[in-house]
Amino acid sequence: MSNTMYNKMWHQTQEALGALLDKEPQKMIEPQRNQVFIFQTLATFYIKYVQIFRNLENVYDQIVHPQKRILIRKVLDGVMGRILELKNEMVELELTEFHYFDDILQDLKLAPQQLDIPIPKYFLKEKLEVIKGREKILAQILADSGIDTSEMVWRRFHQCKKTEKLREEEMIFLGMNPPPLFNEVSATVIQAEKVDRLRNEVQMKHEEDYREALVTIKNDLKLIEGLDIKENLQDQIRHWFIECRNLTGTFPDYPDIEEGGSAIIFSNKTIQQVIEDIIANQEEEEKNEKKKKKKKEKQPKKTKRQKKGTKEKNKEEDEKWKMSPSLFLPAMKEGCNAYKEIWMNKDESWNFSQDFDPELIKEEKRKELESEIRVQVDELMRQELKNLKLAVDREREHPAKVGKKKKKKGKKGKKKEKKTKKDKDLTADRTIESLYKELVEEGLLIQALKVNLSDYIGEYSYLGTTLRQVSIEPMPSLLDVRQLITLYGIWPLGSAAVHEKAPLVKSLLLAGPSGVGKKMLVHAICTETGANLFNLSSSNIAGKYPGKNGLQMMLHAVFKVARQLQPSVVWIEDTEKTFYKKVPNAEKTNEPKRLKRHLPQILKLLKPDDRILIVGTTRRPFDAELQSFCRVYQKIILVPRPDYASRYVLWKQIIERNGGVLTSALNVSCLAKVTDGFTQGHIVKVVKAVLTDQRIRRQIHKPLTAVEFITAITSMDPVYKEEEESFKNWYAKTPLGKKRALAITGGSTEKAKDKGKRKEKKEKKAKKKK
């Protein structure tokens with residue numbers, strides 16, 4: 001797709017966003033009571049923003065114009081943040097992490113796949129060099145220390161690959177196998193990769209040219225227009241002095257540097273408008289004085305009944321649902337306005353290569369230069385105003401005023417002293433590099449496996465809404481889980497702008513049976529965001545940094561490095577052990593509960609600008625003491641065993657990925673039905689066991705059949721329905737699970753609760769009267 005096509009796509013997306021931004025405040029202002037209506041409204045906006053995000057992300061990745069990309073990025077971050085805010089509203093309304101939009105998607109004529117939330121490619125693109133550098137250092141430290149536990153595995157893996165390659169080459173030589181790329185990568189794919197690489201190079205080149213132009217154009221402006229700007233500002237301010245004295249009889253007070261100097265008076269105003277403001281202020285002061293006098297004369301006292309009436313009205317209003325204010329709407333509106341002013345009708349016929357626009361830089365730098373010169377001019381004009389006051393009004397500075405100013409300064413000083421002392425830096429004398437090296441050597445900072453979130457295969461649940469209508473809580477689908485990982489883990493870690501303002505998620509718990517891909521999801525978060533991975537699992541920290549001081553030092557070092565080299569993921573595998581109700585005798589020596597007291601304190605210290613996420617994984621959450629467990633993990637995601645639709649997709653993809661060929665002889669549907677209860681881990685094991693090199697070669701003569709896989713899986717134990725139910729029952733005891741259960745039993749809306757409260761109040765009143 002050419003650049004003009006992506007420009008067209010951008011214009012269409014901006015128009016759609018503009019329309020949505022106009023609609024949203026109208027829908028959200030009025031308080032509502034109907035829960036179904038509220039959810040429909042929220043979900044519709046959520047889905048529409050996701051569509052806008054998908055297009056914008058694509059456009060941002062493809063467009064090469066540097067100034068357009070700055071604006072698109074600003075809007076893109078705003079849309080991401082708004083999606084997270086709407087998600088948070090839906091969770092609080094429905095009291096569940098999982099929502100079903102079947103009916104809304106039908107109305108909007110969208111397929112469920114269009115709800116899939118992409119991960120912005122810029123997360124990795126923009127820090128590719130940093131990530132590569134860090135990976136090199138990590139590999140070097142592991143090699144030098146000789147403690148890389150995965151070394152043996154990798155050696156074996158490389159040897160197998162080597163042998164495989166030699167065998168492959170021999171087969172090609174004998175003419176028994178087709179040559180490489182014979183039926184694999186098409187010329188189209190190669191061409192697409194080449195175009196992608198070239199586009200990235202052009203983007204980087206245009207970015208560099210733009211940055212250089214920012215400096216050179218500003219310097220040129222300084223030389224050519226600097227003196228004129230200075231003189232114009234001085235004339236403008238002098239005019240203000242004189243006009244102000246003519247109108248009010250005295251010279252004005254000059255605003256302090258802290259207040260913004262003369263800029264607060266002249267911001268986007270002509271001298272004529274400033275004069276009009278002075279007159280308007282005078283008139284307003286006179287009116288206010290008259291009003292105050294009238295108010296004092298007529299002020300009837302409120303009776304008790306009136307007070308009660310207003311209180312009851314306020315209560316009624318509180319009971320109605322109202323949308324929380326958004327921190328991202330202003331940025332999006334600003335972006336949309338900038339688009340309308342600059343780009344909407346801009347003639348770009350001259351800019352075929354889509355390089356930077358020098359005129360836009362001049363406008364921007366002229367403003368910047370003006371504000372820099374204004375600071376110098378303010379200094380001169382403050383002195384000039386003093387001299388004028390002395391000469392004309394014979395006015396000297398009053399000692400009382402000076403005293404007041406000094407007193408204020410004194411107060412500020414005291415405030416600074418009162419500030420709480422920061423936590424002691426236990427490693428103030430050490431470099432981040434040395435701490436990083438130590439954590440790698442201790443096995444606390446580990447190398448994340450290269451897995452993408454898209455490798456977490458699954459399908460949507462198409463029955464969610466139907467089941468909920470008959471009060472059955474469905475188990476989430478694998479793609480529901482994937483979406484939550486993107487929203488709560490990947491997006492905030494990938495974008496600092498989103499992390500600072502979006503509803504803050506500091507910790508995440510992935511709970512589910514063995515083999516459903518919990519560990520894989522942790523590694524995927526790191527791969528997609530380039531995050532460091534720290535392993536604080538009880539088995540991994542056992543015997544390391546012993547004693548109270550040792551533990552304090554370990555946590556200090558981990559979170560100091562995590563902050564400095566953010567984004568970071570702190571992973572606690574089998575995290576229920578940290579919160580054991582009763583520690584098994586076999587594990588007592590490992591002290592699994594070492595972190596229990598410290599984790600809540602660490603969470604308190606994490607601020608919105610710390611892109612650190614604590615992720616726990618557990619297959620036995622029932623062994624943990626529930627209250628302290630839920631206090632640490634803010635978001636709990638149940639990771640289910642795959643349903644039929646997901647098993648069908650899994651079998652197909654995993655067989656193909658391991659060299660299998662799908663033919664009509666292989667009944668995948670039958671495989672998916674028979675393997676109910678088996679996990680992704682089971683399927684991968686079975687496929688690898690069946691598809692040996694020999695079996696892959698024999699496929700031409702003897703196609704694969706379902707029976708081969710079924711015989712291999714019979715030796716494995718599935719996840720029984722009872723185990724899945726135990727996870728659901730456990731989740732029903734968590735804070736959000738409890739609220740959800742209460743809402744279902746008390747009616748799907750809040751009306752039942754309201755009726756109950758009103759009855760109680762009536763009964764209490766009746767008792768009092770008696």
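# Report on a predicted structure

His523 touches Gln447, Ala448, Leu449, Val451, Leu533 and Trp571, leaving out residues up to four places away in sequence. The model described here is predicted. His523 belongs to helix 19, which covers residues 518-529. With a relative accessible area of 5%, His523 falls under the 20% limit and therefore counts as buried.

## Nonpolar cores

The largest nonpolar core has 153 residues, and within this core Tyr46, Tyr49 and Trp651 touch the most other members. Helix 2 (residues 35-62) supplies the largest share of this core, with 14 residues. The contacts of Tyr46, apart from its neighbours within four places in sequence, are Ile83, Leu86, Lys87, Met90, Phe101, Leu115, Ile117, Gln483 and Leu487. A second core, separate from the largest one, has 23 residues, among them Ala213, Leu214, Phe241 and Phe356.

## Helix 17

Helix 17 comprises residues 478-494. What span should its 17 residues have at 1.5 Å a residue? The expected span is 24 Å, and the end C-alpha atoms of helix 17 are 22 Å apart, which agrees. Helix 17 nevertheless has a bend of about 35°, located at Thr486. As for its surroundings, 17 of the 17 residues of helix 17 are buried, so this helix is largely enclosed by the rest of the structure. Two contacts of Tyr46 listed above, Gln483 and Leu487, carry numbers that fall in the range 478-494 of helix 17.

## Aromatic rings and charges

The count of aromatic pairs in the model comes to 17. One of the pairs is formed by Trp10 and Tyr339, in an edge-to-face arrangement with 5.3 Å from centre to centre and 70° between the planes. Trp10 is part of helix 1 (residues 3-29) and Tyr339 is part of helix 12 (residues 329-343), so the pair ties together parts that are 329 residues apart in sequence. Both Trp10 and Tyr339 are buried. Elsewhere, Phe579, Phe629, Tyr633 and Trp730 form one aromatic cluster.

Rings also take part in arrangements with charged side chains. The table lists two arginine residues whose charged ends sit over a ring.

| Charged residue | Ring | Distance from ring centre |
|---|---|---|
| Arg73 | Tyr122 | 3.7 Å |
| Arg245 | Phe251 | 5.4 Å |

## Backbone features around strand 4

Which form does the peptide bond from Gln566 to Pro567 take? This bond is cis, and its omega is near 5°. Pro567 is placed in the loop between helix 21 (547-564) and strand 4 (568-573).

The loop between strand 4 and helix 22 (598-605) holds Asp574. Asp574 is not a glycine, yet its phi is positive, at about 45°. Is Asp574 buried or exposed? Its relative accessibility is 18%, and because the limit for a buried residue is under 20%, Asp574 counts as buried. Glu591 is also found in the loop between strand 4 and helix 22. Phi of Glu591 is positive as well, with a value near 45°, in a residue other than glycine.

Definitions and conventions. Residues numbered from 1 in each chain as written. Predicted model: local features only at pLDDT ≥ 70, side-chain atom pairs only at ≥ 80, totals over all residues. Heavy atoms only, no water. Helix = DSSP H or I, 4+ residues; strand = E, 2+ residues; numbered from the N terminus. Expected span 1.5 Å × (residues − 1). Bend = angle between axes of the 7 residues up to and from the residue. Buried < 20%, exposed > 50% of the residue type's maximum accessible area, 1.4 Å probe, protein only. Core = buried A, V, L, I, M, F, W, Y, C linked by side-chain atoms within 4.5 Å. Contact = heavy atoms within 4.5 Å. Phe/Tyr/Trp six-rings, centres within 6.5 Å; stacked < 30°, edge-to-face > 60°. Lys NZ or Arg CZ within 6 Å of the ring centre and 35° of its normal.
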